[in-house]
Amino acid sequence: MTKQELIEKIATNHKHRSISKAAASDLVESLFDNLSLAIRRGKRFTYPGFGTFAVKKRKERKGRNPQSGEEMMIPASKTVVFRASANLKQDLK
């Protein structure tokens with residue numbers, strides 16, 4: 001699903017009343033801005049029934065340059081991981 005498809009779904013499937021695409025777009029932007037901020041500040045964000053986004057630290061490790069084959073050290077970094085809830089995993093079966 002693309003961002004535009006998500007906005008259209010929210011605009012047409014709102015439970016209480018119909019909302020404009022502009023309002024749905026603002027809602028989506030606000031949701032993901034706040035989700036990003038929560039992950040950066042708190043290192044994790046949990047939504048019950050869906051899953052958890054968390055920051056994971058990667059250690060420095062050996063790697064290989066794919067073009068030259070030369071060994072190199074890949075520096076330590078951080079990444080975002082997602083763990084699906086048991087409910088979401090069950091729904092996928």
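Here are a few exercises on the aromatic pairs and a charged patch of this predicted model.

**Exercise 1.** Work out how the rings of Phe-50 and Phe-82 are arranged, and what parts the pair ties together.

*Solution.* Start with the count: the structure holds two aromatic pairs. In the pair of Phe-50 and Phe-82, the ring centres sit 5.3 Å from each other and the planes make an angle of 50°. Planes under 30 degrees apart would count as stacked and over 60 as edge-to-face, so what's left is tilted. Next, place the partners: Phe-50 is in the loop between β1 and β2, while Phe-82 is in strand β5 (residues 77-84), so the pair ties together parts 32 residues apart in sequence.

**Exercise 2.** Classify the ring pair of Phe-53 and Phe-82, then find the strands it links.

*Solution.* Here the centres are 4.8 Å apart with the planes at 45°, so this pair is tilted. Phe-53 belongs to strand β2 and Phe-82 to strand β5, which makes it a link between distant parts of the chain, 29 residues apart. Put the ring pairs together and you get a cluster of Phe-50, Phe-53 and Phe-82.

**Exercise 3.** Decide whether Phe-50 and Phe-82 are buried, partly exposed or exposed.

*Solution.* Buried means under 20% relative accessible area, and exposed means over 50%. Phe-50 comes in at 38%, so call it partly exposed. Phe-82, at 35%, is partly exposed too.

**Exercise 4.** Locate Arg-44 and say which surface patch it helps form.

*Solution.* Arg-44 lies in strand β1, which covers residues 44-47. Its relative accessible area is 52%, so Arg-44 is exposed. Together with Lys-56, Arg-58, Arg-61 and Arg-83, Arg-44 forms a positive surface patch.

Terms used:
Residues are numbered from 1 along each chain as its sequence is written. This is a predicted model: local features need pLDDT of at least 70, side-chain atom pairs count only at pLDDT 80 or more; totals for chains, interfaces and linings use all residues. Side-chain values use heavy atoms; hydrogens and water are left out. Patches are made of residues with over 30% relative accessible area and no salt bridge: like charges are joined within 9 Å, nonpolar side chains (Val, Leu, Ile, Met, Phe, Trp, Tyr) within 5 Å. Accessible areas come from the Shrake-Rupley method with a 1.4 Å probe; for residues, only the protein chains shown count as cover. A salt bridge is a side-chain nitrogen of Lys or Arg within 4 Å of a carboxyl oxygen of Asp or Glu. Lys and Arg count as positive and Asp and Glu as negative; His and the chain ends are not counted. The place of a charge is taken as NZ of Lys, CZ of Arg, CG of Asp or CD of Glu. Helices (H or I, at least four residues) and strands (E, at least two) are DSSP runs, numbered from the N terminus. Buried means under 20% relative accessible area, exposed over 50%, partly exposed in between (1.4 Å probe, protein chains only). Rings of Phe, Tyr and Trp (its six-membered ring) pair if their centres lie within 6.5 Å; planes under 30 degrees apart count as stacked, over 60 as edge-to-face and the rest as tilted.
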